[in-house]
Amino acid sequence: GVLANPLTDLTDWKRVDLNATDASFALMLNTNRAMFQLILDSGFSEQFRSRSLRAELFAAPRPRHLKRRHLDERGALAIALLFMNSKIEVKLLSMIFGLTEILARTYVQFGLEALKRTCTSAPLALIGPRTRRCAS
């Protein structure tokens, strides 16, 4: 089937982000909304915006009829947390977030790097991410 566009369509992730209770949010990402927002505010959003991920990812030419698919910083953090805290395969992540597998893998790697840099500063230093690599 055709994947939803993560910027314009209501993907499974966006449904959770917009509508889920704190308990179901915690079940999916192994953190609650307050900690998720704290991570964003403590430097993840800045890390996300400071690197030109879009330029890195999409420098290659593509057919005009294919639209670019991106996640915002909330999506990038969520895909990294979900990957880090579960045994979920990248293929399933791509379906949840409305991305291709290659793009999902890239966002996982980018999100984990940004999370690691963010977690080296207080107050997040105590919750640094466990290491799980995204297979190439």
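Leaving aside residues up to four places away in sequence, Ala26 touches just two residues by name, Thr31 and Asn32. In this predicted model, Ala26 sits in helix H2. Its relative accessibility is 25%, so Ala26 counts as partly exposed. A little further along the chain comes Phe36, 10 residues from Ala26, and the C-alpha atoms of the two are separated by 9.4 Å.

Phe36 has a longish list of partners. With residues up to four places away in sequence again left out, Phe36 touches Trp13, Phe25, Leu29, Thr31, Arg74, Leu77, Ala78 and Leu81. Thr31 therefore turns up twice, as a contact of Ala26 and as a contact of Phe36.Now for the helix pair at this end of the chain. Helix H1 covers residues 12-19 and helix H2 covers residues 22-29; they pack with their axes 9 Å apart, at an angle of about 140°. That angle makes H1 oblique to H2. On the H1 side, the contact is made by Trp13, Val16 and Asp17, while H2 brings Phe25, Met28 and Leu29. Sorted by class, this contact has 5 nonpolar residues, 1 charged residue and no polar ones.

Asp17 deserves a look of its own. It is found in helix H1, and Asp17 counts as buried because its relative accessibility is 15%, with the cut-off for buried being under 20%. Beyond residues up to four places away in sequence, Asp17 touches Phe25, Arg33 and Arg74. Arg74 is also on the contact list of Phe36.

What about the nonpolar core? In soluble globular proteins, nonpolar side chains tend to be buried together. Here, the largest nonpolar core has 36 residues, and the members that touch the most other members are Trp13, Leu29, Phe36, Phe44, Ile79 and Phe97. At least two residues of this core come from each of H1, H2, helix H3 (33-50), helix H5 (73-84), helix H6 (90-97) and helix H7 (101-119).

Zooming out, the chain has 7 helices and 0 strands, which reads along the sequence as α-α-α-α-α-α-α. Of its 136 residues, 40% are buried. Among contacts with a separation of 6 or more, 66% join residues 24 or more positions apart. As for the outside, the chain exposes about 8000 Å², and carbon and sulfur atoms supply 56% of that area.

Key. Residues are numbered from 1 along each chain as its sequence is written. This is a predicted model: local features need pLDDT of at least 70, side-chain atom pairs count only at pLDDT 80 or more; totals for chains, interfaces and linings use all residues. Side-chain values use heavy atoms; hydrogens and water are left out. Axes are lines fitted to C-alpha atoms, for helices over the stretch in contact, and angles run from 0 to 180 degrees between N-to-C directions. Helices (H or I, at least four residues) and strands (E, at least two) are DSSP runs, numbered from the N terminus. Angles under 35 degrees count as roughly parallel, over 145 as roughly antiparallel, 65 to 115 as roughly perpendicular and the rest as oblique. Contact means heavy atoms within 4.5 Å. Ala, Val, Leu, Ile, Met, Phe, Trp, Tyr, Cys and Pro count as nonpolar, Asp, Glu, Lys and Arg as charged, and the others, Gly among them, as polar. Buried means under 20% relative accessible area, exposed over 50%, partly exposed in between (1.4 Å probe, protein chains only). A nonpolar core is a set of buried Ala, Val, Leu, Ile, Met, Phe, Trp, Tyr and Cys residues joined through side-chain atoms within 4.5 Å. Accessible areas come from the Shrake-Rupley method with a 1.4 Å probe; for residues, only the protein chains shown count as cover.
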